[in-house]
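Please open the structure in a viewer and keep the selection panel at hand. The tour below proceeds by selection, and each stop states what is to be found there.

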Amino acid sequence: MGSADLPAMKTNPKFIFFTDFDGTITTQDSNDYMTDNIGYGRQKRRQGNIDTLEGKITFRDSFKGMMDSVNKPYNECIDFLVQNIKLDPYFNEFFKWSLKNNVPVVVLSSGMEPIIKAILKNLIGPDYDKMQVVGNNVKARPGKSINEEGGWELDFHDDSGFGHDKSLTLRPYAQLPQDQRPTMFYAGDGVSDLSAAKETDLLFAKKGHDLVTYCVKEDVPFTIFEDWRSILEKVKEIAAGKTTVQDAAKQGYELYKAGEAGVKAD
Ligand SMILES: [Mg+2]
């Protein structure tokens, strides 16, 4: 695959910022929110997250169960989420900086593209479409339309146990020849990021969330973020040559050992 097939390479960037959407760009996970409020509820959903982290079930099956428990027409689900989901208070500032500094932002999500685009459009405004969004999709159930009660279901991105295997999008960038390959960042918070965690140069894991625990368990280098202000600071330092991604990637484990990663150290 040549760089012509990679949308984020169009402007020959030195850096690309890949990111999860739910709980990373947003303060709350929209699919969790939907499941907890108009699906089978928080308790069952949280158990599914834990079972996925422990490898008992795939993310794909757990997520399908969550979405199958939501019966509202799809257009009503979109309205419900657009009204209730907020962005990280500093994401807009980061995004404006990224546009000015030729750092393409690519959203890699296990959520559904129509919902993500509707939330971004509402909260970012017209520039929202400068962000590439790669996620799962939605389709009508046989004989139904998506905008009727019980009429929609997930249409997965690929056949993997993740539903959307984020590494499939990341790897062609990672494998570019050295003189073209940009430095790759990734930010995430949870189980949907496991397929991406090992593929980039610097992984930002959200303080206090499942991805931190996973990185420690799997020995994946990472750093911690609390909000997009801390991400912007770190990326600026790296772009200015004040820190290397290698040094930054050691910080997560050190913070974890010091009890400052928001999860309990063993
Ligand atoms: Mg997430």
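For the reasoning at the first stop, one cut-off is required: an angle between axes of over 145 degrees counts as roughly antiparallel, whereas one under 35 degrees counts as roughly parallel. Please note also that this is a predicted model.

**Stop 1: helix 2 and helix 3**

Select residues 42-53, which form helix 2, together with helix 3; the latter comprises residues 59-68. The two axes cross at roughly 170 degrees and come within 9 Å. Helix 2 and helix 3 are therefore roughly antiparallel to each other. Next, display the side chains at the contact: Arg45, Gly48, Asp51 and Thr52 belong to helix 2, and they meet Phe59, Ser62, Gly65 and Met66 of helix 3. By class, this contact of helix 2 with helix 3 comprises 4 polar, 2 nonpolar and 2 charged residues.

**Stop 2: the sheet**

Show the strands alone. An open sheet is formed by 7 strands, in the order 4-3-2-1-5-6-7, with mixed pairing. At its edges are strand 4 (152-155) and strand 7 (223-225), each of which pairs on one side only. From one strand to the next, the twist averages 25 degrees.

Now restrict the selection to residues 15-19 and residues 105-112, that is, strand 1 and strand 2. These strands pair in the parallel sense, over 3 bridges. Which residue of strand 2 stands opposite Thr19? Val107 occupies that position.

**Stop 3: helices across the sheet**

Restore helix 3 to the view. Helix 3 lies across strand 2 and strand 4, and its direction is at about 160 degrees to that of strand 4. Then add residues 167-174, which form helix 7. Helix 7 lies across strand 1, strand 2, strand 3 (132-140) and strand 5 (183-188), running at about 160 degrees to strand 5.

**Stop 4: helix 1 and helix 4**

Select residues 30-38 for helix 1 and residues 74-84 for helix 4. Their axes are 11 Å apart, and the helices pack at an angle of about 110 degrees. Helix 1 is thus roughly perpendicular to helix 4. The crossing of this pair is right-handed. On the side of helix 1, the contact includes Ser30, Tyr33, Met34 and Ile38; these residues meet Cys77, Phe80, Leu81 and Asn84 in helix 4. The contact of helix 1 with helix 4 has 6 nonpolar and 2 polar residues, and no charged ones.

**Stop 5: helix 5 and helix 9**

Continue with residues 91-100, helix 5, and residues 228-239, helix 9. Here the packing angle is about 30 degrees and the axes are 8 Å apart. This angle makes helix 5 roughly parallel to helix 9. Is the crossing of helix 5 with helix 9 left-handed or right-handed? Helix 5 passes helix 9 in a left-handed crossing. Phe91, Glu93, Phe94 and Trp97 of helix 5 meet Trp228, Ile231 and Leu232 of helix 9. The residues of this contact of helix 5 with helix 9 divide into 6 nonpolar and 1 charged, with no polar residue.

**Stop 6: the whole chain**

Finally, select the entire protein chain, which contains 11 helices and 7 strands. Its C-alpha trace spans about 55 × 45 × 35 Å along the principal axes. The protein chain has a radius of gyration of 18 Å, which agrees with the value near 18 Å that a compact globule of 266 residues would have.

Key: Residues are numbered from 1 along each chain as its sequence is written. This is a predicted model: local features need pLDDT of at least 70, side-chain atom pairs count only at pLDDT 80 or more; totals for chains, interfaces and linings use all residues. Axes are lines fitted to C-alpha atoms, for helices over the stretch in contact, and angles run from 0 to 180 degrees between N-to-C directions. Helices (H or I, at least four residues) and strands (E, at least two) are DSSP runs, numbered from the N terminus. Angles under 35 degrees count as roughly parallel, over 145 as roughly antiparallel, 65 to 115 as roughly perpendicular and the rest as oblique. A crossing is left-handed if the near helix is turned anticlockwise from the far one by less than a right angle, and right-handed if clockwise. Two residues are in contact if their C-beta atoms, placed from the backbone, lie within 7 Å. Ala, Val, Leu, Ile, Met, Phe, Trp, Tyr, Cys and Pro count as nonpolar, Asp, Glu, Lys and Arg as charged, and the others, Gly among them, as polar. Two strands pair if DSSP finds at least two bridges between them. The radius of gyration is taken over C-alpha atoms; the globule rule is 2.2 Å times the number of residues to the power 0.38.
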